[in-house]
Amino acid sequence: MNSIHTKTLQDLEFYTVLEQLSMRCYTQLGKEEVLKVVPFGSEEAIRNSLGQTSEYLASYTNENTFPNHVFDAIPQELHLLKIENSTLEIGSFRRISIICATTTTLLKFLKKFKTYYPLLAAASENIEINTEIPAHINVVINRFGEIKDKASNKLWNLRQDINSVKGKINQSFRSALSSYIAADVLDEIKESVVDNRRVLAVKAMYRKKVKGSVMGSSKTGSIVYIEPEVTLRHSRELNNLEFEEKEEIQRILNELTDHIRPYGWLLLKYQEFLTHIDITAAKAKYAADMDAVLPEISTEKELFLRDAYHPLLYLTNKRKKEKTYPQTITLHKENRIIVISGPNAGGKSITLKTIGLLQVMLQSGILIPVHERSKVSFFGKILTDIGDNQSIENHLSTYSYRLKNMNNFLRKCNDNTLFLIDEFGTGSDPELGGALAETFLEVFYERGSYGVITTHYANLKMLANELPHATNANMLFNAKTLEPTYQLVLGQAGSSFTFEVAQKNGIPYSLINKSKKKIERGKVRFDATIAKLQKERSKMESTGSKLREEETKARDEAKRLEVLNTKIKSKLENYQELYDHNQRMIYLGNKVNDAASKYFQDKKKRPLVSELLRIVETENSKRKKKSAKEVKVEKQKKIEVAKELEQKIVVVRKEKKIEKKKAVIKEKNKPRPVFKVGDRVRMLDGKAVGTIDKLEKKKAAVNYGLFMTNVAIDQLELVQAKK
């Protein structure tokens, strides 16, 4: 596949997409590298990149989340490792250690979950895990970024001596401090620190009474800072030891750098791998933000974008909580070129840019916001001519530039090309420019190219109608309001609605009529016919939408009636079974009653037992004998039905409790009436109505006629206030 020109990427605002991707990278190196992303040169690379992004996106919804892969870039360290006798700093070793640990964690993760992330695992197979680099670093540097005491025996001894000398300095200083405090030659602050040394804060007038080295004075000159003579000797010894410590640390770092130097190539590989994972993660995050997917990739040259969104417009509108209108467009061998027409501000250019930007994103390994059943293929060349490209520097007019661009198209167009041209043929005399544009379109068609163009020219609409593998399309407008609906409809050219839009914007009808007379009658009729067809299509779309709604409602109602009918049938069957059972029980009861009456008269047990046995045997002969397994299954069914019924009862009881609580709360929240003597009332849970004879505090004496009772006021409700 050939590379796609920078101008095409600019026209389609691909670099804005890269900037948005950059914002989603975790590392600085990832942010820089993602801005350099361009469409891949081979189909294999595209499929691989799309597959890896899709795998990472899947990690958001499964339990095997990717481990942390944040790191600090090491370009300076890698450069120094190439220079002989160079030494890395402590911070550099820390960064190298983190890169090694992060890479090792990722490599182990991908190896463990290879079945979930096969493509990402394959990308890491050639990277070896190295434990020597972090092991060497961990021996020398601790987790706080400091050289360990036991990095070497000499360093250990030196630091022991340093600690010992520091102890002597502190001891001798405390002794000097005590003696000079007693001599009352020190200022109120007593001591201070100058150049990391403890010094006495001596009053300036007593400076000669204190033996030692003067280290400085206060701003006012009232205090002189002196290091006592007794600590000077120990301080000199400390300086010598600290110098030796620095030399030993430098030697250790030199040695550690030499250990790591042979692995410079591996560290570079680690950094590239982590950067690649960071960019893949950014692509996955971007896809999640705009609900992007990996569509089906076809081996044939075809493009079916279903419910496709312009990514930049979709994210902007999502942030503003505004609606974005999706488009559905199809390109295949039988329909290679689409000519979109219709009035301005209808969404033609956005549709064009959506197709181009989604194709470029796809070929750069970025998932696209389309329906999952969309189908795509790859193009070797994507050529665009979008927007006003007037060049003052090169003294080119818009039309001159466009002709230059068309010449480029003619040289490059073939059956592996996707071309996108906005306002095709404009910039010159409509008759002449339209004729030239028609010729160009014929050449693109003959070469088997795929493309989408937008135009107002009638001759291009007619050509698209005549060519067997080309088709017209238009952006639907509301017939009444002349507002765009942002829906693309294939198979019919669109009217520019020139005169209709002019009339809507208040241009006098007399001027519009005069303008119509200035052009050929055939053109007016042609445009009017297209406008009429568009209006009819708009009405049909509206009618179709209503019919679909009605159909859905009718289908839902039919389903509801079917369910209801099934329930009624089931209940009728149950009632019939219950009726039959009851009739049988009545019959058996009558038989037993007759036998009992006979026994009551003659007191003969044998005939009674014989009759009862006959009744039982007759009933048993009607029963079907069931196996132990069938009995068990039936019993289990009964238990399950009982459980299900019990669960339903529990749910109903809970619902009733909730309703009861709500009723109680509602009743509590209800404003309480102010009762007066003579009001007719009844208790909240009663039906009898009485009259209040007396009110005392929160109780009322209610007279029911036959008796009187004292009731709490909050247990009463007003039936009728006293008139």
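**Exercise 1. Find which side chain pairs with Arg 555 in a salt bridge, and describe where the two residues lie.**

Step 1. Look for the partner: the side chain of Arg 555 meets that of Glu 551 in a salt bridge, with 2.9 Å from N to O. Keep in mind that you are working with a predicted model.

Step 2. Check the distance. A salt bridge needs a Lys or Arg side-chain nitrogen within 4 Å of a carboxyl oxygen of Asp or Glu, and 2.9 Å satisfies that.

Step 3. Place the pair: helix α19 holds both Arg 555 and Glu 551, four residues apart, or about one turn of the helix.

Step 4. Classify the two residues. Arg 555 has a relative accessible area of 40%, so it is partly exposed. Glu 551, at 45%, is partly exposed as well.

**Exercise 2. Stay in helix α19 and work out how Leu 564 should be classed: buried, partly exposed or exposed?**

Step 1. Locate the residue: Leu 564 sits in helix α19, which covers residues 521-602.

Step 2. Recall the cut-offs: buried is under 20% relative accessible area, exposed is over 50%, and partly exposed falls in between.

Step 3. Apply them. Leu 564 has 40% relative accessibility and therefore counts as partly exposed.

Step 4. Look at its company. Leu 564 helps make a nonpolar surface patch of about 610 Å², together with Leu 561, Ile 568, Leu 572, Tyr 575 and Leu 578.

**Exercise 3. Which residues are linked with Asp 289 in a network of salt bridges?**

Step 1. Start with one pair: Asp 289 forms a salt bridge with Lys 285, and their closest N and O atoms are 3.3 Å apart.

Step 2. Place this pair. Both residues belong to helix α11 (residues 264-289), four residues apart, about one turn of the helix.

Step 3. Widen the view: Arg 24 joins Lys 285 and Asp 289 in the network.

Step 4. Compare accessibility. Asp 289 counts as buried because its relative accessibility is 19%, while Lys 285 is partly exposed at 35%.

**Exercise 4. How far apart along helix α20 are Glu 611 and Arg 614?**

Step 1. Count along the helix, which spans residues 605-622: the two are three residues apart, so about one helical turn separates them.

Step 2. Inspect the side chains, which meet in a salt bridge at 2.7 Å, N to O.

Step 3. Finish with accessibility: Glu 611 is partly exposed at 25%, and Arg 614 is partly exposed at 39%.

To put your pairs in context, the structure holds 20 salt bridges.

Key:
Residues numbered from 1 in each chain as written. Predicted model: local features only at pLDDT ≥ 70, side-chain atom pairs only at ≥ 80, totals over all residues. Heavy atoms only, no water. Patch = residues over 30% accessible without salt bridge, like charges linked within 9 Å, V, L, I, M, F, W, Y side chains within 5 Å. Areas by Shrake-Rupley, 256 points an atom, 1.4 Å probe, with all protein chains shown as cover. Buried < 20%, exposed > 50% of the residue type's maximum accessible area, 1.4 Å probe, protein only.
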